[in-house]
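User: Could you walk me through this one? I'd like to start with a single residue and then step back to the whole chain.

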Amino acid sequence: MKRVGEWLEITIPKDWANATVFSILSNKLGASKALIQRWNQSAAIKKNQNKADVNHKLEQNDRLYLQLFKKEEYGVLPENVSIDILYEDDHLIIVNKPAGMDTHPNEPNQKGSLANAIAFYYQLNGWQIRVRHIHRLDRDTSGAIIFAKHDLAQTILDQDLQVKQIKRTYLAIVKGKLPKTNGTIDKPIGRDRHHATRRRVSPNGQKAITHYKVETFNPKTNLSLLSVQLETGRTHQIRVHLSSMNHPIIGDTLYGGSKDLIKRQALHAKKITLSHPLTHEKIEVEASIPTDILSIIQSKQSSF
């Protein structure tokens, strides 16, 4: 498959022959029924340069075209802020979000978020692409975030996230020595009715599972460096789960952490591993550890 202007061109291989357009889009590419219907209604599907109906059959070497790269509204206001790109192609972009920045605006016309910076990057390159985040990070959590560049990539990546095919690894520095070097925290998380933004472990909350590994423990400072992986993606999940074990992330005052060593939660989304939404090639990226966390890891006092 290759991009041809606004269109993605797919040459039909032998093992896809005699299938309908709908079958190929759904079973081979992973498009949802609603997305296929939207493409069909907007004449965004072609067969050999002619408009195709979803019930048309395709033969070997036919060319199927999808209008994936049409001009769209950004959805947010572009803002001239530089971004740290970890991976990019025609279908997705992965960037390293700094701490102190929202993933996306929380109200109309808001600026200052990573999404605003992404929109400016698109604008700078002459692209009119809607900014589509696949997942989010808390404002004061740094690290890797995926954005899709078109609706098919968004649909597939959303599905992959739901079925746990996108692996996210975090680094966290927490207070104390954990009881085991490897563990799983399986506790439901819900809203804290006494606080507008805080979450808490609650029997009536949503299912939440966090896996952790202790990379090292320093008895002098009573700090542990953890690698953490999410099986679910609840708001503040890692922060709530570690705090519930009496091992809050340092700097995270909302959940019991101290600001003695760092002014924000010492949590960084270090690595993302995923299958490319169209080519299915493995993508693995690492976001460099920010200086505030790195200085704690490398300091003589911490000696991690």
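Analyst: Before we begin, a contact here means heavy atoms within 4.5 Å. Please also keep in mind that this is a predicted model.

User: Okay, which residues does Val285 touch, leaving out those up to four places away in sequence?

Analyst: With those sequence neighbours set aside, Val285 touches Leu86, Tyr87 and Ile94, and also Lys270, Lys271 and Ile272. For one of these, Lys270, the C-alpha atom is separated from that of Val285 by 8.4 Å, and the two residues are 15 apart along the chain.

User: And is Val285 buried or exposed?

Analyst: Val285 has a relative accessible area of 6%, and because buried means under 20%, this residue counts as buried. In terms of secondary structure, Val285 belongs to strand β17, which covers residues 282-286.

User: Switching to the whole chain, how many helices and strands are there?

Analyst: The chain holds 6 helices and 17 strands, and its C-alpha trace spans about 70 × 40 × 40 Å along the principal axes.

User: What share of the residues counts as buried?

Analyst: Of the 304 residues in the chain, 48% are counted as buried, while the accessible surface comes to about 15,200 Å², with 45% of that belonging to carbon and sulfur atoms.

User: How much of the contact set with a separation of 6 or more comes from residues 24 or more positions apart?

Analyst: Such pairs account for 64% of those contacts.

User: Last thing, how many positive and negative side chains are there?

Analyst: There are 44 positive and 30 negative side chains, and the centres of these two sets lie 6 Å apart.

Conventions:
Residues numbered from 1 in each chain as written. Predicted model: local features only at pLDDT ≥ 70, side-chain atom pairs only at ≥ 80, totals over all residues. Heavy atoms only, no water. Helix = DSSP H or I, 4+ residues; strand = E, 2+ residues; numbered from the N terminus. Buried < 20%, exposed > 50% of the residue type's maximum accessible area, 1.4 Å probe, protein only. Areas by Shrake-Rupley, 256 points an atom, 1.4 Å probe, with all protein chains shown as cover. Lys, Arg positive; Asp, Glu negative; His and termini not counted. Charge placed at Lys NZ, Arg CZ, Asp CG, Glu CD.
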